[in-house]
Amino acid sequence: MAAKKTKPVVAPTPNSGVFSVMKADGSVDARRDPKLSTAAARHLYETMVRTRVLDERMTMLQRQGRIGFHIGSMGEEATIVGSAAGLDAGDFIFPCYREIGAALYRGFSLETYMHNMFGTAGDTVKGRQMPDHYSAREIGFGSVSSPVGTQIPQAVGYAWAARHKGEKSVALVYFGEGATSEGDFHVGLNFAGVMKAPVIFLCRNNHWAISVPVARQTRSENIAVKAEAYGIRGVQVDGNDALAVVAATREAAERGRHGEGATLIECLTYRVGAHSTSDDPRVYRADEEVVPWRAQDGIDRMRRYLERRGIWKPSDEETVRTKADDAVKAAIKTAEATAEPDLETIFEGVFAEQPWHLREEWDEAARARDLK
Amino acid sequence: MPTWNMIQAINDALRVEMRRDPNVVVLGEDVGKFGGVFRATEGLQKEFGDERVFDTPLSEGGIMGTAIGMAVYGLRPVPEIQFSDFIYPAFDQIVNEAAKFRYRSGGQFTVPMVIRTPCGGGIRGGHYHSQSPEAYFIHTAGLKVVMPSNPHDAKGLLLSSIRDDDPVVFFEPKRIYRAAKGEVPEGDYTVPLGKAAILREGRDATIITWGAMVHEALAAATTLEGDGVGVELIDLRTLWPVDIDSIVDSAKKTGRVVVVHEAPRTCGFGAEIVTLIQERAFLHLEAPIKRVTGYDTPFPYTLENDYLPRAPRIVDGVRGVLNY
Ligand SMILES: Cc1ncc(C[n+]2csc(CCOP(=O)(O)OP(=O)(O)O)c2C)c(N)n1
């Protein structure tokens, strides 16, 4: 099942096909090129590579039993990093659970991430949540939570509040195509329409929700078309074309900033890997389906673009991969050498002030440690 | 008799009942071709087809609302909620609709439906793959609530639940899905709803528990036996309507009771059991009834073993009521 490509369009426009900028060989349509600076284009590409390297390492660590879980984004890097690159630094991101690439693009520290993966005392969320469930306020990135779709209306409220306070920022919210079946998706789009909230709904249509294919989520022609019913804009983008994702996100953000309301961007991409390290897709998905998507890999395409532009040489590739690998290994080493969180981290932070009963339960848990 | 784990027993119960009753249908996320993320529905779509076993869009509210409609029509749907942590989008449908349909329609409509859902911690699942939300549902008039602790009961209780004419929330402690093994009769048999199992008899103290904690309580009882303490261990199996006689009889017999559950303490089902006992057996009690439970915090990831009421905490709780 390859992404259905209808006629390409100059700007992302509702109901007029899949917006793309780059061809598979990395050549671009000059009219649609978001014209990234050399530094921005390289940062975009390097972040995609770092995301991939990180993914591979985390999957390996889970296999070795060194971490409990990992949920990756293999094949979706262009969608995830490209959309982050289309925002301004002051815009806010409501993540789903697969967007470490967007956080890395914004400068999220690998070390902080790794402490979360190992659930250590150095984890900013204190080992309370599963791996890949971090919070990163310092980079304008929300708090990862597992329930599907809950973040969607939250982003609407956040975006509305920022506008209410006179800010020119937008909020972008990530989710998969499976989440578009949840009530929260429909509520979010409807509220955004009514409230004219400057929000970007970024749907990673990776074609699978664990074992359920997109055809079992909706009878709509596509996801983007759903925007129409709520009176907001909906566009379809080639999600393996990082530059197209940048251009579409930028355009949606500009519209939001100028009072033109919300946009639903459907990025057509593919979950090349398993849903998570707990999943085995061979049970429900034929390998042949994955092959054409591997061939359309967004990282390869972006590299060809950089090479054509003359801002990337083979030695750069080696440098970025080696650097990424070294940084990941160093972060792993630090996290693995860090102790578990203190017992008190279970009992503090439930409320701003600790009530009597949690004080008592903390004492009880401390005594229980001596029983073992 | 084959030796099966919980998953095999649950799978077999569904198969037995689907063969017997063409009105039974299974729906949920990933339950079809994949056979469920825990594989409890494996092979069912192959045997019964995709009209009777099917993947729904990703919406718990949708799963529950449509299942209720099917039940009102006269089918016996068995919707699966992939993790009980994700049951909340369906909460309105369960609490305001399924639970009240019979009462509010004067018995014109009923909702014979079994909501299967994995619960509990100990699998490194953090906040959202570990919770034990049984108390919310026990608190709701019109719902039956079941939680088996072993494969034999899982199959027999699931068969009873599907045949029951009221909505049942059937919690499956996921930590023991594969760890709990035991002999399971082939074919049809039932374990009645509303009947607890007395797993050990003893004169000194009573432990009342359910689900995965039964195994911690068994370990605790073995330790205590070594100290010469005879524990009576009650596995409630059906949480609501609870087997009041078994609880009260045992409380009268031992006079010392410990209630163990994994869910948070405050307003947990343990609080209700304590009240039921003190209302009915106050003069027989030799010590205040003790609760050994999860804490009133979200379920933690790294330190989950501190959170869970493991055997040493239960032993300590029993010693507490003995030495009162
Ligand atoms: C409310 C809720 N229901 C079910 C789940 C279990 N679950 C986790 S991810 C997932 C599939 C999500 O698919 P999609 O929204 O397409 O995102 P993807 O994982 O493909 O990125 C499911 C069913 C959940 N986390 N939350």
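## A tour of the ligand and the two chains around it

Start with the ligand, which lies between chains A and B. Keep in mind along the way that this is a predicted model.

**Stop 1: the ligand and its shell.** Select the ligand and show the residues around it. There are 21 of them, and A:Y97, A:R98, A:R204, A:W208 and B:E60 come nearest. Colour this shell by residue class and you should find nine nonpolar, six polar and six charged residues.

Now look at individual atoms. Which chain B residue places a polar side-chain atom 2.5 Å from a nitrogen atom of the ligand? Select B:E60 to see that pair. On the chain A side, pick A:N206, where a polar side-chain atom lies 3.0 Å from an oxygen atom of the ligand. With A:W208, turn on the backbone: here a backbone N or O atom is 2.8 Å from a ligand oxygen. Switch to a surface view next, and see how the protein covers 96% of the 580 Å² of accessible area that the ligand has on its own.

**Stop 2: a salt bridge at A:R204.** Stay with A:R204, one of the residues that come nearest to the ligand. Its side chain meets that of A:E99 in a salt bridge, 2.8 Å from N to O. Trace the chain between the two partners: A:R204 sits in strand β6 (residues 199-205) of chain A, while A:E99 is in the loop between β2 (92-94) and α3 (100-105), so the pair links parts of the chain 105 residues apart. Over all chains, the count of salt bridges comes to 53.

**Stop 3: the interface.** Zoom out and select the residues of each chain that touch the other. The contact takes 43 residues from chain A and 37 residues from chain B. How much area do chain A and chain B bury between them? The value is about 3,300 Å², with 60% of it on carbon and sulfur atoms.

Three salt bridges cross this interface. To view one of them, select B:D306 and A:R369, whose side chains meet at 2.7 Å, N to O. Polar contacts cross it too, in 13 residue pairs. On the side of chain A that touches chain B, the elements giving two or more residues are α12 (344-347) and α13 (356-371) of chain A. Highlight α13(A) in particular: its eight residues make up the largest share of that side. By class, the chain A side divides into 20 nonpolar, twelve polar and eleven charged residues.

**Stop 4: two backbone details.** Most residues other than glycine have a negative phi, and most peptide bonds are trans. Two places in this model are worth a look with that in mind.

- Go to B:W240 and B:P241: the peptide bond from the former to the latter is cis, with omega near 0°. B:P241 belongs to the loop between β12 (238-240) and α9 (244-254) of chain B.
- Then go to A:D132, a residue other than glycine with a positive phi, near 65°. You will find A:D132 in the loop between α4 (110-118) and β3 (135-136) of chain A.

Key: Residues numbered from 1 in each chain as written. Chains lettered and ligands numbered in written order. Predicted model: local features only at pLDDT ≥ 70, side-chain atom pairs only at ≥ 80, totals over all residues. Heavy atoms only, no water. Contact = heavy atoms within 4.5 Å. Buried area = accessible area lost by both parts, 1.4 Å probe. Salt bridge = Lys/Arg side-chain N within 4 Å of Asp/Glu carboxyl O. Polar contact = N/O pair within 3.5 Å; in protein donor to acceptor, adjacent residues only side chain to side chain. Helix = DSSP H or I, 4+ residues; strand = E, 2+ residues; numbered from the N terminus. Nonpolar A, V, L, I, M, F, W, Y, C, P; charged D, E, K, R; others polar. Near = heavy atom within 4 Å. Areas by Shrake-Rupley, 256 points an atom, 1.4 Å probe, with all protein chains shown as cover.
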